[in-house]
Amino acid sequence: MASSANPTRDDFAALLEETLGDADGFEGRVVKGTVTAIENDLAVIDVGLKSEGRVPLREFAMPGQKADLKVGDEVEVYVDRVENVHGEAMLSRDRARREAAWDTLEAEFAKNSRVEGVIFGRVKGGFTVDLNGAVAFLPGSQVDIRPVRDVAPLMDIPQPFQILKMDRKRGNIVVSRRAILEETRAEQRSGLILSLAEGQIIDGVVKNITDYGAFVDLGGIDGLLHVTDLSYKRVAHPSEVLEIGQTVRVQIIRINKDTQRISLGMKQLESDPWDGAMAKYPVGAKLSGRVTNITEYGAFVELEAGIEGLVHVSEMSWTKKNVHPGKIVSTSQEVDVIVLEVDAEKRRISLGLKQAQANPWEAFAEAHPVGSTVEGEVKNATEFGLFIGLDNDVDGMVHMSDIAWGISGEDALNLHRKGEMVKAVVLDIDAEKERISLGMKQLERGGPVAGAASPAAADGSRLAKNSIVTVTVLEVRDAGLEVQVGDTGVTGFLKRTDLGRDRDEQRPERFQVGQKFDALVTGFDRSKKPTFSIKAMQIAEEKEAVAQYGSSDSGASLGDILGEALKARNADKG
């Protein structure tokens with residue numbers, strides 16, 4: 001039997017049993033043990049039980065590191081079972097560290113303190129973090145303030161985390177690295193903002209580029225460099241002039257200390273091209289520029305870097321009306337323009353594209369003066385006239401009263417169709433109002449030359465209103481008769497309704513070309529061409545006969561009176 005000075009294993013077991021009870025009381029506890037040997041990748045540990053236990057060396061090291069363990073070292077392990085089927089104790093260093101870590105973490109979580117851990121694995125939706133033995137979940141959104149494309153540089157490195165929630169019963173811990181960064185960043189921002197001032201010029205690094213601008217790191221705090229403050233010239237997208245990682249010099253435009261937002265500018269460090277714009281771009285000056293943008297209401301033309309003018313859609317073409325500007329000019333096209341207006345205060349220049357080209361109405365007036373004959377295609381027929389296509393894409397209008405002699409305007413309009421080639425005389429040109437007046441009837445037989453009086457006016461001494469003349473039928477139409485007064489060459493028209501008092505008499509087909517008859521001159525139309533009427537002549541003769549031969553007590557009938565009147569008129573003619 002061993003002496004009391006050198007207790008045996010049985011004595012030690014008895015001492016443990018006296019302290020902890022029987023060996024079964026070891027299970028589920030963290031106890032201290034001694035490394036008695038290291039075999040391959042296993043550490044043999046004696047915790048005072050009947051047999052020793054073996055623990056993998058990797059459980060004594062942090063992820064990605066080697067275990068620093070040797071024989072004789074005292075370590076804490078978790079007793080899972082006192083004895084397995086092989087008679088060995090089942091021990092776990094990981095479980096011991098986990099239990100100890102949970103105790104520590106719960107205390108830190110209660111104080112809302114930071115904890116240190118190592119990102120060692122990737123799982124669905126995030127990453128796993130070793131918190132000195134306890135495994136926590138790090139959501140992908142909590143890795144950094146902004147999305148991180150590559151997490152590899154952050155793995156296997158001890159760093160601080162904030163515990164968001166933990167449940168020991170379920171073994172769940174959720175941590176955040178982002179919360180630490182935001183807190184640190186807020187502290188840095190507050191301190192840095194105090195050191196910055198509006199108008200200050202500072203260097204920064206482009207951190208991110210968006211459609212509306214770029215975020216520039218000013219050394220711990222970001223400022224927004226809006227696309228409109230990149231340059232005085234038009235910039236479609238910030239990536240045209242910036243790239244991530246580029247060092248840029250910027251000026252602080254505004255600082256909002258409440259929201260900690262900083263607005264930056266680069267163009268403010270350049271000379272303003274609008275200085276002296278009134279002198280450089282006087283009204284009426286002809287300039288060359290490049291089309292930079294096209295909208296529904298016009299096109300923007302760059303005159304120099306930083307200065308653009310607007311060509312309104314109404315100033316783009318002399319002849320193309322109500323068309324999209326994109327059908328007249330294209331982006332990047334070089335064009336000549338005329339300065340119409342300059343407002344340096346509002347930084348606006350109004351330009352004219354058509355003014356830099358010849359006015360087609362003025363050019364037409366030079367080539368076709370009033371009185372000349374032109375030919376063109378009927379482009380359109382309206383209720384008041386015909387539009388004729390002429391040289392240089394301009395249109396002239398023939399008013400319905402100037403289409404043909406002797407018929408109504410409505411009937412004259414029906415004589416022509418769209419697409420028909422016609423000739424006309426130039427009556428008037430108003431280049432300022434972009435109007436050309438034409439006449440077609442002036443080219444007809446017996447018609448006047450441009451600017452001259454009509455035949456009726458030329459022979460006005462013989463054609464007094466309400467006089468009776470003898471006419472000859474020149475043409476029979478559905479609407480009436482085209483007639484000529486004697487041999488004078490003066491022509492006129494009798495409407496269908498003026499061919500007689502009775503409906504049977506109002507039939508043009510009862511007349512023949514060359515037939516002669518008397519008619520009353522009822523007046524003159526807008527072109528001073530005479531109008532005639534048989535019906536009006538009959539009514540006038542009846543009134544005259546009644547006045548000359550009739551009386552209330554004569555007893556003569558109306559037929560008798562008219563008979564006497566006709567005899568008298570025939571006697572005068574004889």
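**Figure 1. Arg146 over the ring of Phe215.** Arg146 is placed over the face of Phe215, and the distance to the ring centre is 5.7 Å. The structure shown in this and the following views is a predicted model.

**Figure 2. The surroundings of Phe300, with Arg234 and Tyr297.** Arg234 lies over the face of the Phe300 ring, at 5.2 Å from its centre. The count of aromatic pairs in the model comes to three. One of them joins Tyr297 and Phe300 in an edge-to-face arrangement, with 6.4 Å from centre to centre and 85 degrees between the planes. The two partners differ in their exposure: Tyr297 is partly exposed, with a relative accessible area of 42%, whereas Phe300 counts as buried at 18%. Phe300 falls in the buried class because its value is under the limit of 20%.

**Figure 3. The aromatic pair of Phe511 and Phe517.** The ring centres of Phe511 and Phe517 are 5.1 Å apart, and their planes stand at 50 degrees. The pair is described as tilted because this angle is neither under 30 degrees nor over 60 degrees. Phe511 is buried, with a relative accessible area of 6%. Phe517 also counts as buried, at 11% relative accessibility.

**Figure 4. The cavity lined by residues of strands 17 and 19.** The model has one cavity of 30 Å³ or more, and the volume of the largest cavity is about 30 Å³. Its lining consists of Val291, Ala299, Val301, Val311, Met316, Val329, Val335, Val337 and Leu353. Strand 17 (298-304) and strand 19 (334-343) each contribute at least two residues to this lining. By class, the lining comprises nine nonpolar residues, with no polar and no charged residues.

**Figure 5. The largest nonpolar core.** This core has 24 residues, and those with the most contacts inside it are Phe364, Leu386, Ile388, Leu390, Ile436 and Leu438. Two helices and four strands give two or more residues each: helix 5 (360-367), helix 6 (409-413), strand 21 (373-382), strand 22 (385-389), strand 24 (421-430) and strand 25 (435-439). Strand 24 supplies the largest share of the core, with four residues. In soluble globular proteins, nonpolar side chains tend to be buried together.

**Figure 6. Positive phi angles at Ser332 and Arg347.** Most residues other than glycine have a negative phi. Ser332, which is not a glycine, has a positive phi of about 75 degrees. Ser332 belongs to the loop between strand 18 (307-312) and strand 19. With a relative accessible area of 46%, Ser332 is partly exposed. Arg347 is a residue other than glycine with a positive phi, near 60 degrees. The loop between strand 19 and strand 20 (348-352) contains Arg347. Its relative accessible area is 36%, so Arg347 is partly exposed.

**Figure 7. Ala37 of strand 1 and its separation from Arg54.** Ala37 is located in strand 1, which spans residues 29-39. The relative accessible area of Ala37 is 21%, and the residue is partly exposed. Ala37 is not classed as buried because that class requires a value under 20%. Between Ala37 and Arg54 there are 9.5 Å in space, C-alpha to C-alpha, and the two residues are 17 residues apart in sequence.

**Figure 8. Loop residues Gly486 and Gln512 and their separations from Lys516 and Glu475.** Gly486 is situated in the loop between strand 27 (480-485) and strand 28. At 32% relative accessibility, Gly486 is partly exposed. The C-alpha atoms of Gly486 and Lys516 are 8.9 Å apart, while the two residues are separated by 30 residues along the chain. Gln512 occupies a place in the loop between strand 28 (491-495) and strand 29 (516-524). The relative accessible area of Gln512 is 59%, and this residue is exposed. From Gln512 to Glu475 the C-alpha distance is 8.0 Å, and the two are 37 residues apart in sequence.

Conventions: Residues are numbered from 1 along each chain as its sequence is written. This is a predicted model: local features need pLDDT of at least 70, side-chain atom pairs count only at pLDDT 80 or more; totals for chains, interfaces and linings use all residues. Side-chain values use heavy atoms; hydrogens and water are left out. Rings of Phe, Tyr and Trp (its six-membered ring) pair if their centres lie within 6.5 Å; planes under 30 degrees apart count as stacked, over 60 as edge-to-face and the rest as tilted. Buried means under 20% relative accessible area, exposed over 50%, partly exposed in between (1.4 Å probe, protein chains only). A charge sits over a ring if NZ of Lys or CZ of Arg is within 6 Å of the ring centre and within 35 degrees of the ring normal. On a 1 Å grid over the protein atoms alone, a cavity is a set of points where a 1.4 Å probe fits but cannot get out, and a pocket is an open set with protein on both sides within 12 Å along at least five of seven lines; lining residues have an atom within 4 Å of a point. Grid points are joined across faces, edges and corners, and a volume is the space filled by probe spheres set on the points. Ala, Val, Leu, Ile, Met, Phe, Trp, Tyr, Cys and Pro count as nonpolar, Asp, Glu, Lys and Arg as charged, and the others, Gly among them, as polar. A nonpolar core is a set of buried Ala, Val, Leu, Ile, Met, Phe, Trp, Tyr and Cys residues joined through side-chain atoms within 4.5 Å.
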